[in-house]
Amino acid sequence: MRRPVVLGALGVVLLLGGACGIPASSDVRVDGKGGAATGAGSGNGRPSEPPSRTASGSSNEAFVRNFLSAAAGEPDRAYERVKAFIAPEDRARLQDKKGSEVAMTVVRLREAVYTLNSDSTTTVKISVQQIGVLRANGTLAPPVATETEYEFRLRSGTLDGAANDERAGLYVVDPPNVLLLSDVALQQYYQGESIYFWSSDRTRLVPDQRYLPVAVPQERRVNEVVKWLVAGPSDWLRPGVVGLPDRTELINNATGANDRWEVNLDMSGDDQNGIDQLLTQLAWSLGDLGGQLDLKIRNNSQPVLDLNARRAVERLYPITESPQRFCVYEGGIRPLDFVGELSGAVPLAPDINRNIVSAGLARADNRVLAAMVVSSGKSRQRLAVGSGPAPITTLNRSTSEYASISRPVWLRMADSRPGRGLVVADGQLYRFDEGARMYQVPLNLPAPVSAVAAALDGQRVALVAGGQLYVAAVNLDGGGVSIGPPRQLVTSLTGLTTVDWGREDQLVVAGSAGQPAIYEISVDGAVETPLRTDVGAKVNHLTAYPTNRTVPLPSGAYMYEANGVAYRSSPLERIEPDRVRDIAPPPAGGRPSNPSAPFFLY
């Protein structure tokens, strides 16, 4: 018997293989949607079908990669594609499921060990991290399986003891009784899509992540998206949004070509405002698809919708001013100056701009909402909140003091209602209002909370608790703030410390990848991209500017603090004291202080 051959971190090798020339510590962002075409046919510059069984020849490593891609594509043929890789005598071991029951177990590969046996077969042991379950409706649900290792054997495809033929390829013997799909295959053979549901108060659209096989032709894309909308939101998002009216069904299939699309729904109610909201929902859920949409409700035509025109009028999360960078310098908020960027004035009056540890500021109509963590002496902290036209002249302070308070965040409103925000104090999540009144938010989490971040839509939050990452929906009905059951996201990072939203479907997260690192992680945990792997010290503060399709710039801007030093991205550099505006020079022979707790105002 030969010694085992170990292929370490196979998934990472595959993921980063197309990024040659980009160092691990690079500030370059990789969206994970690329990949060379290696199978039959391609779509959008990518392969639409995974490679065939014989495409890898007699290479064990290539065959296993292809086997873990075989399920990718339209679900009705998933079992057929996978069984083509399994030895004929063992195909019955993989029990078929049909229709909506088809689900793929998505895994992140950690290691593969190959051992040659005396019967000329090869035993393969793959170590994996369970990421989730890709369902037929395009959602990636939390993982169900708990296995950290799968074992199967490979044999030659040559029959009757004939000499090994490279063209015969390999077969899987003793296969796992699940459809395994690697995270790399998910990125290569599926297109990430955002569909949108109205918030529970119907004031804004909230994105929901789905995956559409690249193999689905463009003319069927509309049909798939409408079916997703009819089926309703993902489970974790459901507490914060509303689906289509009960018993809504698609009449026949959505059809179209040449920039003209027709959708016919059996939907209760004749509320024209509701139909108009549905049209906006469809326009955004169809992504960048152009042309005209002919919506019919029970065969009754609505005015034809120009998709691009509707998106131009009904914008997602409209932001009218460019973001501005600030930091805390010697206990006060100060602007940061960078070439080519707008540098604004501090929105606080000088007499209240002191004793500040960290801050979260937001624009709301013609007002500024300011929430600050302030030092109250003896290593205690309070929350201070002010609002109004800049400069704000008075602050309200929380009645309680705490040993530690996280950077506060505002939940962005789509109307003129009073501002509400979230903050973590001594391991508990609280909501606060403009009067600095704090109310504990119940969470069913197994460990204390250390960080919270709010999405640009104001209806989703990310949390770090016990070094783990979670997302949850927000419900703002009735003037309060309630958080739905958190969903834990799987990531290869450990010991997470802080998080923020970098895009509507991506989080920027700090943790450890053997050493302190910053990653971008998708909102379902499926895709992770290293942004910086040589941070050098634990990141205790992180902030990002959340871009989306209507707010495209600056792309991927984030700032963080580690070991008392602040940094910014794009380009990645230390934020030096000379970038801080309106500060007095240090005394002769003295050294300037370090800027801390940087943040964006937008």
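**Strand β15, helix α6 and the largest pocket**

T255 stands opposite E262 in β15, a position within the antiparallel arrangement in which 3 bridges join strand β14 (residues 255–257) to β15, strands being DSSP runs (E, at least two residues) and helices likewise (H or I, at least four), numbered from the N terminus. The structure is a predicted model, in which local features need pLDDT of at least 70 and side-chain atom pairs count only at pLDDT 80 or more, whereas totals for chains, interfaces and linings use all residues. Residues are numbered from 1 along each chain as its sequence is written, and side-chain values use heavy atoms, with hydrogens and water left out.

β14 and β15 form a hairpin with 2 residues between them, and N258 in the turn has a positive phi of about 55°. β15 also pairs in the parallel sense with strand β16 (residues 292–297) over 6 bridges, pairing requiring at least two DSSP bridges between two strands; R260 stands opposite Q292 in β16.

Of the 14 residues of α6, 10 are buried (under 20% relative accessible area, 1.4 Å probe, protein chains only), so this helix is largely enclosed by the rest of the structure; among the buried residues are I275, L278 and W284. α6 is followed by G287, whose phi is positive, near 60°.

α6 (272–285), β21 (356–364), β22 (367–375) and β25 (409–411) each supply at least two residues of the lining of the largest pocket, a pocket being an open set of points on a 1 Å grid over the protein atoms alone, where a 1.4 Å probe fits, with protein on both sides within 12 Å along at least five of seven lines, and lining residues having an atom within 4 Å of a point.

How values were computed. Buried means under 20% relative accessible area, exposed over 50%, partly exposed in between (1.4 Å probe, protein chains only).
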